[in-house]
Amino acid sequence: MKQKDKPQNLPQDFLPFDTPMLTQAHSTEAIPPPRHIWGVAELVLELRDQVEGLFPDLWVRGEISNMRPSPSGHLYFTLKDGAAQLPIVLFRRQSSLLKFRPQDGMEILLRGRISVYEQRGQLQIIAEWMEPLGVGSLQIAFEQLREKLREQGLFDAEHKQPLPLFPRTVGIITSPTGAVLRDFLNILARRHSGLNVLLYPALVQGESAAAEVIAGIEYFNSAKTADLIVLARGGGSLEDLAAFNSESLARAIHASRLPIVSAIGHETDFTIADFVADLRAPTPSAAAELVTSALHRIETRLLEFDHRLDHSIRYRLLERRERSNRLSIATALVRIQSGFNRHRQLLDEFAYRSSTTIVEQMNHQRRRASALELRLRHARPLEKLLAQQHWLSSLTARLLRAPGHQIHIQNANRLVLLSRLDTAEHYQAQDRRAHFNELTLRLQALSPLAVLERGYTLTYDDQGRIVTHAASLSEGSLLTTRLASGSLESRVTKINAAGFKAVQPQRPGAKTPRKKEANQE
């Protein structure tokens, strides 16, 4: 460091390393400076201020090693060359602006500022921006995203949807002012004038282009007004086509329920959308041809058939005209008459053959019936039937006389008798049950308990005898009264031997007449 580059705001006791110390040899009267003791944090902060003031903005190139992405989005790595290394930190806001994913071993050019990390006292570079050396960042980002999506299976053929053979409506997402749309519509009108086209206007270049294209895909999928979707854009540089290398757009194409045709750029241009789409067209004009290819082939084939049919009809007419010119009217009439005669002869021959065939079949059937009748007479079936009946009758008589048959008959009779016995027992049991029920009802009617159910009671004295006369009791006797449900005990306090007279209910306020009662003490 040159003397002119030294900071001027150092403390008085801070001496640069190249400043010679004053000694007694220089001046015998020099006074040593006062000692200043630094704290660690104070010294580190002082160094950080000095370093950040000396290197506020710088460019560094080197190789990435020890890449450590943090969950918060910050990137920590080491930048090194063959002789030295420096820690680098790239904070989340700056890392989100990168077009590529930094990896170990990548040569980069970095812009940032030098600072000191106080907790470790470590010199580091806080990066603001960086780009790879050799290959552009967009190309690296393209390769990295393509490899990532390929590993996730977004490019697999099993996810590709076939295009409808005869689409009625095509949805196109492109710029409404570009030449791409005019070329697309011109080719469709020339090849298939009846095909409907729905345009979703969207930017195809710039930071918001990917979001607008995604919105168009989602619109056609939700509206269900189109049979397929075409993404169209003209050619351009890798920066111009960056919107179609977006990961979010790739996933929107993969999630689309409608088939998508990618027609981005020229034939030599490739984007991530081309790999994810169901079909890639080299150009937007080629996309229009691919969409109408099936119908165009059918129209071409129909035109070919129409041409061949027209040529064949013309040839046949010419041939017939030449033949008619060679024939005179008399010759034509003779030929017509001979044709009629041939047909009459054929009809006569068919009639003769049919009549002869019918007669032969009737004679054959008649001869066959005669032969069957003769065989029947020789067989004498009636005599044989009578003989068989006689033989069967003799066998039946012998069987009835056999012991085994008699046992079988006895068993059958026994079963019949048992069945009759069971039936008789059943009916007899029913009669007895009915008689028992009748007697039960009579017994219940005569039972004293039934009388108790109507409010009457049975009164017993202390000897267990039924009390029928009040005169048989005395005052103080213990009585037991049986009710329909339960019983109670009472003691005689008064005896009325003349009988019991029910008390009639009286109206309120009426006077009760006095009556003489014959009470026996």
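This section describes the sheets, the largest pocket, the aromatic pairs and two unusual backbone conformations of a predicted model.

Five strands close into a barrel, in the order β1-β2-β3-β5-β4, and the pairing within this barrel is mixed. From one strand to the next, the twist averages 50°. A parallel element of the pairing is found between strand β3 (residues 85-90) and β5, which are joined over 2 bridges. Within this parallel arrangement, Ile-88 is placed opposite Ile-125 in β5. Strand β1 of the barrel also contains Asn-66, a residue with a positive phi of about 55° although it is not a glycine. The relative accessible area of Asn-66 is 44%, and the residue is therefore classed as partly exposed.

A separate group of 3 strands forms an open sheet with antiparallel pairing, in the order β11-β12-β13. Because β11 (458-460) and β13 (487-491) stand at the edges and have a single partner strand each, one side of each is left without a neighbour in the sheet. The twist in this open sheet averages 25° from one strand to the next. Strand β12 (residues 478-482) runs antiparallel to β11, and 3 bridges join the two. Two of the residue pairings can be named: Thr-459 has Thr-481 of β12 as its bridge partner, and Leu-458 has Arg-482 of β12.

The pairing of β12 with β13 is likewise in the antiparallel sense and extends over 5 bridges. Here Arg-482 stands opposite Ser-487 in β13. Arg-482 thus appears in the pairings on both flanks of β12, as partner of Leu-458 and opposite Ser-487. The hairpin formed by β12 and β13 has 4 residues between the strands, and Gly-486 in this hairpin takes a positive phi near 90°. The two faces of β12 are distinguished by their cover: Leu-479 and Thr-481 make up the covered face, whereas Leu-478, Thr-480 and Arg-482 belong to the uncovered one. Thr-481, the bridge partner of Thr-459, accordingly lies on the covered face.

The largest pocket was assigned a volume of about 990 Å³. Its lining consists of 29 residues, and those nearest the centre of the pocket are Leu-98, Lys-99, Phe-100, Ala-141 and Asn-245. Both β1 (58-69) and α3 (137-151) supply at least two residues of this lining. The largest share, 6 residues, comes from α3. When the lining of the largest pocket is divided by class, 15 residues are nonpolar, 7 are polar and 7 are charged.

The model holds 6 aromatic pairs. In one of them, the rings of Trp-59 and Trp-129 have centres 6.0 Å apart and planes at 70°, so this pair is edge-to-face. Since Trp-59 lies in strand β1 and Trp-129 in strand β5 (residues 122-132), the pair ties together parts that are 70 residues apart in sequence. Both tryptophans are partly exposed: Trp-59 has a relative accessible area of 49%, and Trp-129 has a relative accessibility of 38%.

A second example is the pair of Tyr-200 and Tyr-219, whose ring centres are 5.7 Å apart and whose planes are at 35°, so the pair is tilted. This pair links distant parts of the chain, with Tyr-200 in strand β7 (residues 196-201) and Tyr-219 in helix α5 (residues 209-223), 19 residues apart. Tyr-200 is partly exposed, with a relative accessible area of 22%. Tyr-219 is also partly exposed, and its relative accessible area is 41%. In addition, one aromatic cluster is formed by Phe-155, Phe-270 and Phe-275.

A further positive phi in a residue other than glycine is found at Lys-224, where the value is near 55°. Lys-224 is placed in the loop between α5 and β8 (228-233). Its relative accessible area is 65%, and Lys-224 therefore counts as exposed, whereas Asn-66 in β1 is partly exposed.

Definitions and conventions: Residues are numbered from 1 along each chain as its sequence is written. This is a predicted model: local features need pLDDT of at least 70, side-chain atom pairs count only at pLDDT 80 or more; totals for chains, interfaces and linings use all residues. Side-chain values use heavy atoms; hydrogens and water are left out. Two strands pair if DSSP finds at least two bridges between them. Axes are lines fitted to C-alpha atoms, for helices over the stretch in contact, and angles run from 0 to 180 degrees between N-to-C directions. On a 1 Å grid over the protein atoms alone, a cavity is a set of points where a 1.4 Å probe fits but cannot get out, and a pocket is an open set with protein on both sides within 12 Å along at least five of seven lines; lining residues have an atom within 4 Å of a point. Grid points are joined across faces, edges and corners, and a volume is the space filled by probe spheres set on the points. Ala, Val, Leu, Ile, Met, Phe, Trp, Tyr, Cys and Pro count as nonpolar, Asp, Glu, Lys and Arg as charged, and the others, Gly among them, as polar. Rings of Phe, Tyr and Trp (its six-membered ring) pair if their centres lie within 6.5 Å; planes under 30 degrees apart count as stacked, over 60 as edge-to-face and the rest as tilted. Buried means under 20% relative accessible area, exposed over 50%, partly exposed in between (1.4 Å probe, protein chains only).
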